[in-house]
Amino acid sequence: MDDMPSLIRRTPWPESASRPVVTPIQPSVVYASPDPDTLDAQYTGALSGYTYAREGHPNATVLAQKIDGMEGVAGGMVLASGMAAVSAVLIGLMRAGDHVLGGDQLYGRSLRMMRDDLPRLGIRTSFADPTDCAAVEAALQPETRLILLEVVSNPTLRVADLSGIMRLAKARGILVAIDNTFTTPRGLRPFDLGADIVLHSVTKILAGHSDATLGYVAAREPELRRAIYDFAVTTGMTPSPFDCWLAERGLYTFELRYDRAEANAATLAAHLATLPGVRRVLYPTRTDHPDHNRAAAMLGARGGHMVSFEIEGGRAAANRLTRAAPNIPFAPTLGDVATTLSHPASSSHRGLTPEARAALGISEGFFRVSVGVEDIALLCREFETAIVQSQSDA
Ligand SMILES: *Cc1c(COP(=O)(O)O)cnc(C)c1O
């Protein structure tokens, strides 16, 4: 019938004098411009407007601007994962012949990219202990163009000498990129200390609910920003609009979640240290932490939401501990709203030899806790029960 409206044509969005309060989700892959002049002006930047979602979409912009505000920078970009952000920096900015220096306890896949992938492209890499400025200085080479660091290391929570390393790098014109996933801008804003690039796995505590995989990267210099953007768009690191929406929703409660998780972490660390069978507890603001003076100077009271501890009894005791804590997911992630537990020797650090793990202080009895926002009395009780059972060989 001729007068039947085509179902194939999009129905115009209803007019409304009032606006939605909540951020809309915009899944459109493509955007229609009124005429070629307008599209041209969009490409030259004379007019702002979206064209194709791989190049940018509103949900990514909204999320990026929110994280920009937290990090004190402009023009940051949201990508499909934290590893996309690491890749965009390392592969998007470096060229054959360059040397990249990494902290020796970086996130596992970042280590792997530096060890296995960059050398394939002619980019040389090496690692140094970022708590030891002299070791970092000794590892610099004439071709070193970038240093990649995390503020607090995984899983032993060692605190990098950021100010010292920034000074070394500035004097030599070397870029410093900080993976700020663990510490978050609530703990430290690396741009304030002179970082050139900051990146995040938004997947973790920023989004905070273990239901969206995303990354973020920002650079102070527009030239770096442009290079990262072009590499990310060309290689297709596009974030999903729905994931961006979820992460933006997560950010509304980020400060509440972070502060609560951090307070819980400090209390849980203190409680764990009183329990028989616990050999040591690692938490940056504790006076028995190897870097507590630096943590105090750099992070103040912000010890973060991660706690690590080591129990007596090796793998057998570790197995008993996770089985005795069925309500605390034994899962290789962090930053969820609820507490999760990880065992580096069987997951993130399983690729290392036992000797290399021992050198980092990671035994079979070593656990890392990503502390959530639960009632702290409940958490202390659950950990106490699990640790008591881990030490009984029944
Ligand atoms: C998880 C994580 C990454 C990688 O992020 P994905 O979103 O999982 O790709 C990078 N760095 C750190 C410190 C992380 O914890």
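Thr-23 is a convenient place to enter this predicted model, and Thr-23 sits in the segment before helix H1 (36-44). With a relative accessibility of 18%, Thr-23 counts as buried, because the cut-off for that class is under 20%. Its neighbours, leaving aside residues up to four places away in sequence, are Asn-59, Val-62, Trp-245, Glu-248 and Tyr-252. Two of these contacts are polar ones between side chains: the side chain of Thr-23 meets that of Glu-248 at 2.9 Å, and it meets that of Tyr-252 at 3.5 Å.

Glu-248 leads on to helix H9, where Glu-248 is one of the buried residues. Helix H9 covers residues 241-251, and 9 of its 11 residues are buried, so the helix is largely enclosed by the rest of the structure. Besides Glu-248, the buried set comprises Pro-241, Asp-243, Cys-244, Trp-245, Leu-246, Ala-247, Gly-250 and Leu-251. These buried residues pack against helix H2 (58-71), strand S1 (77-79) and helix H10. At the N-terminal end, H9 is capped by Ser-240, with a side-chain oxygen of Ser-240 placed 3.2 Å from the backbone nitrogen of Phe-242.

Strand S1, one of the packing partners of H9, also belongs to an open sheet of 7 strands. The order across this sheet is S1-S7-S6-S5-S4-S2-S3, and the pairing is mixed. Strand S1 and strand S3 (124-128) form the edges; each has a single partner strand, so one side of each is left without a neighbour in the sheet. On average, neighbouring strands are turned by 20° against each other when direction is ignored.

Within this sheet, strand S4 (residues 144-150) has 6 of its 7 residues buried and is therefore largely enclosed by the rest of the structure. Strand S4 runs parallel to strand S2 (residues 99-103), and 4 bridges join the two. It also runs parallel to strand S5 (residues 175-179), here with 5 bridges. Leu-146 of S4 takes part in both pairings: Leu-146 is the bridge partner of Val-100, and Leu-146 stands opposite Leu-175 in S5. An antiparallel pair is found elsewhere in the sheet, where 5 bridges connect strand S6 (residues 197-201) with strand S7 (residues 215-219). In that pair, Leu-199 has Val-217 of S7 as its bridge partner. Helix H3 (residues 82-93) lies across S1, S2, S4, S5, S6 and S7, and the helix runs at about 150° to S6.

The ligand comes next. It is surrounded by 13 residues, of which the closest are Gly-82, Asp-179, Ser-201, Thr-203 and Lys-204. A polar backbone atom of Gly-82 is 2.8 Å from an oxygen atom of the ligand. Asp-179 places a polar side-chain atom 2.6 Å from a ligand nitrogen atom, while a polar side-chain atom of Lys-204 lies 2.7 Å from a ligand oxygen atom. Taken alone, the ligand exposes 380 Å², and the protein buries 92% of that area.

The model also holds an open sheet of 4 strands, with antiparallel pairing and the order S8-S9-S11-S10. Its edge strands are S8 (278-282) and S10 (340-342), each of which pairs on one side only. From one strand to the next, the twist averages 25°. Strand S8 pairs with strand S9 (residues 306-311) in the antiparallel sense over 4 bridges, and Val-281 stands opposite Phe-309 in S9.

Two helices pack on this sheet. Helix H10 (residues 254-272) touches S8, S9 and strand S11 (366-370), and its direction makes about 15° with that of S9. Helix H12 (residues 314-323) touches S9, S10 and S11, with a direction at about 130° to that of S9. Helix H10 is thus a meeting point in this account, as the buried residues of H9 pack against H10 too.

Leu-256 is found in H10 and offers a contrast to the buried Thr-23. The relative accessibility of Leu-256 is 64%, so Leu-256 counts as exposed. Leu-256 and Pro-130 are 126 residues apart in sequence, and their C-alpha atoms are 30 Å apart in space.

Definitions and conventions:
Residues are numbered from 1 along each chain as its sequence is written. This is a predicted model: local features need pLDDT of at least 70, side-chain atom pairs count only at pLDDT 80 or more; totals for chains, interfaces and linings use all residues. Side-chain values use heavy atoms; hydrogens and water are left out. Two strands pair if DSSP finds at least two bridges between them. Axes are lines fitted to C-alpha atoms, for helices over the stretch in contact, and angles run from 0 to 180 degrees between N-to-C directions. Contact means heavy atoms within 4.5 Å. Buried means under 20% relative accessible area, exposed over 50%, partly exposed in between (1.4 Å probe, protein chains only). A polar contact is a pair of N or O atoms within 3.5 Å; within protein, one must be able to donate a hydrogen and the other to accept it, and residues adjacent in sequence count only if both atoms are side-chain atoms. A residue is near a molecule or strand if one of its heavy atoms lies within 4 Å of it. Accessible areas come from the Shrake-Rupley method with a 1.4 Å probe; for residues, only the protein chains shown count as cover.
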